[in-house]
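Visitor: I should be grateful for a close look at a single part of this model. Please begin with one pair of facing residues and work outward from there.

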Amino acid sequence: MKSLSRLLAITKKEVRQLRRDRLTFGMIVGIPVIQMLLFGYAINTDVRNLTTAFVDEANSSLSRQFIAQLVETQVVNIVEQVETAEILEERMRIGAISVAVVIPADFDRRVVDPDRPAVHLLVDGSDPTISSVANQLRAMPIAFDTAIEKRRVENVAVRPYYNPERRTPVNIIPGLMGIILTLTMMLFTAVAIVRERERGNLELLINTPVSSAELMIGKVIPYIVIGMIQLALILVVGDVLFQVPMRGSVLDLYLAAVAFIAANLALGLLISTVAKTQFQAMQMTFFVLMPSILLSGFVFPFDGMPTFARYLGEILPVTHFIRLTRGIMLRDAALLDLYPELIALGIFAVVAMTLAALRFTKRLD
Amino acid sequence: MMMNNDYAIEARGLSKHFGDLKAVSKLDLSVPRGQIYGFLGPNGSGKSTTIRMLCGLLTPTEGSADVLGTHVPGSTHDLKPKIGYMTQRFSLFGDMTVVENLQFISEIYSFPAAKRKARVAELVEKYDLASQRKQLADTLSGGQKQRLALACAVLHQPELLLLDEPTSAVDPQSRRDFWANLFRLAEGGTTILVSTHYMDEAERCHRLAILDHGVKVADGTPQELQAGTGMHIIEVTAEDPYHAQKALDQADVIASVTQLGMRLRVLIPERVPDPLGEVQRLLKAHSVAADAQLTTASLEDVFVAVTMGPEERVA
């Protein structure tokens, strides 16, 4: 009974301080909303309108027809026509264009010759996305009678399930949910405890009857609630502004989020037992955050990574949470179908929490 | 279990080493109940380390202590409700008001819910914080912060108060008021262990221990300490104290010379038969015009006498 009231005293104090800290309070709402607006609208993996220049050494009716077709695809946005291939290279070097089209003088003859490419596409390979998009252009038919080509049936038909319109926000937002929760949950908890150590509050607290467990749980409770609020906020904004579907059960998503938030808070607590200053806590948070963005499958597909990086990715809680959110929200998967991810999060939370509790003692030495 | 009702703290051979640094060495300590016991020593003499060991924040390297019947080192969980601790640095919550801080402390110590409000109000009144009730702790003055810290430390009516340099950041008037509060608490039966580097504060303690480089070099009542320096104290008043000091410093019979404005405090070992004559002869030999007379030891003299190296002591 005393234990519970001490725990509540810590929680009450934490909420009181949080309410006075306007900036942090603002970040609880601000971080998810601003990041979603920014990334939801800004990130688009379905790239179009690559800035392009071309040289037409053939200058035939066929070559002009080819350029017109190129424009029609909307993949390129032709900004200029130049005289020589050297000028094209120069334009690309200074970054004025991403794609250069070279139509050689013998273009008409090359079109009917199956052994030689008719057109050269120079692509700025310093951006991997641009080259993969430009690769789509290889499939463009070039013939004297294009009507015949158009009738040809594709050998392999691709049907994008779950996101037929290939809208990027549908892919981004379930992942962004994991990244935002990682950032706020881990950072808030780590900083909340380190700040008390820096200000000397901890020396006072550990001399009171409050136990380590009461102190830790009491401090973490407000952040669990904050995590839940952020999740709701992300779901609402995702639905209203980006029409991100919620095909599975909201309850399943929330249950998955509880496990994920627990894992992040435990990690935050662990960081707080290692970091001596708030700055160190921030650095450690970012040490975890960067791989969470890059190796979790959020930005780059997990399948494309080498084995070593995949193992690294498997350690991160956000990897499992992103699989859960994409599964539940987009593929209408039930939480139980995805139980290995849930178990992974559970193991992470228990291990991190145990380490944190072992490291946190009510002593100074 | 050792139970001694006369002493709140009994420590035997308490030591704390940080690597090669011996912060506290083989400290024996007996703090009688209901008294104000002072720890006098310069910064780095081991005062804070000792206090932290006594309340279980640091584990002693060697030795042990009995604090209110609890064995240290060991679980101090049962001890926490019985002690009040005031850290050297202000450690309350700066972004909470005076009343909120007191309320929080009352909840953490599970002070009976029905009496909480009354207790907080009583302390606000008693520690002169009525007009700062709703002020954030960060915006309080040094003296107000210190009163709030003391009010929080005594809220749960502890048997033992551990105060770590409580007055190092406040003005003289606040220090006087603070000590008035300590006497009131001691009269109410609270045992107080207070560390300080101010001589005038040490003089107010019922008993005190002088620490130097982690070693207890003297302990007793201020009167006992002043009587037992083993030194003659001679006060020299000179127009030119600088030259007087030069004249005296070189002599073998003199243990130490400390300048206080126009006056010099000269310490000479007790075995020297005619200390006053020695001083007068030395001054005359260097043709320094000065007036010298025997006097009684102040606590400052005690401090100088007990913290000097052994070679100076034999002079």
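Guide: In this predicted model, the place to begin is I234(B), which has V266(B) of β13(B) opposite it. The pair belongs to an antiparallel arrangement in which β11(B) and β13(B), the latter comprising residues 263-269 of chain B, are joined over seven bridges. β11(B) itself runs over residues 231-238 of chain B, and six of its eight residues are buried, so that the strand is mostly covered by the criterion of 20 or more other C-beta atoms within 10 Å.

A second partner of β11(B) is β14(B), residues 290-295, again in the antiparallel sense, with six bridges between the two strands. Here the facing residues include A238(B), which stands opposite A290(B) in β14(B).

From the strands one may turn to the contact between the chains. On the side of chain B, 23 residues are in contact with 21 residues of chain A. The greatest contribution to that side of chain B comes from its helix α2, residues 98-108, which supplies four residues. By character, the residues on this side of chain B comprise 12 nonpolar, five polar and six charged.

Chain A has a helix α2 of its own, which spans residues 22-42. The 21 residues of α2(A) extend 28 Å between the first and last C-alpha, close to the 30 Å expected at 1.5 Å a residue. The helix nevertheless has a kink of about 40° at G30(A), shortly before the proline P32(A). That proline is buried, as are M36(A) and G40(A) in α2(A). An α-helix has 3.6 residues a turn, so residues three or four places apart point the same way. The buried residues of α2(A) pack against α8 (168-199) and α10 (212-242) of chain A.

α10(A) has 31 residues and covers 43 Å from first C-alpha to last, close to the expected 45 Å. A kink is found in α10(A) too: about 30° at I221(A), shortly before the proline P222(A). Just beyond the end of α10(A), Q243(A) adopts a positive phi of about 45°.

A word on confidence is in order for chain A. Its mean pLDDT is 87, and 96% of the residues score at least 70. Among the elements of chain A, the lowest mean, 50, falls to helix α7 (residues 146-150), and the highest, 94, to helix α14 (residues 317-331).

Conventions
Residues numbered from 1 in each chain as written. Chains lettered and ligands numbered in written order. Predicted model: local features only at pLDDT ≥ 70, side-chain atom pairs only at ≥ 80, totals over all residues. Buried ≥ 20, exposed ≤ 12 C-beta atoms within 10 Å, placed from the backbone. Pairing = 2+ DSSP bridges. Expected span 1.5 Å × (residues − 1). Bend = angle between axes of the 7 residues up to and from the residue. Contact = placed C-beta atoms within 7 Å. Nonpolar A, V, L, I, M, F, W, Y, C, P; charged D, E, K, R; others polar. pLDDT = per-residue confidence, 0-100.
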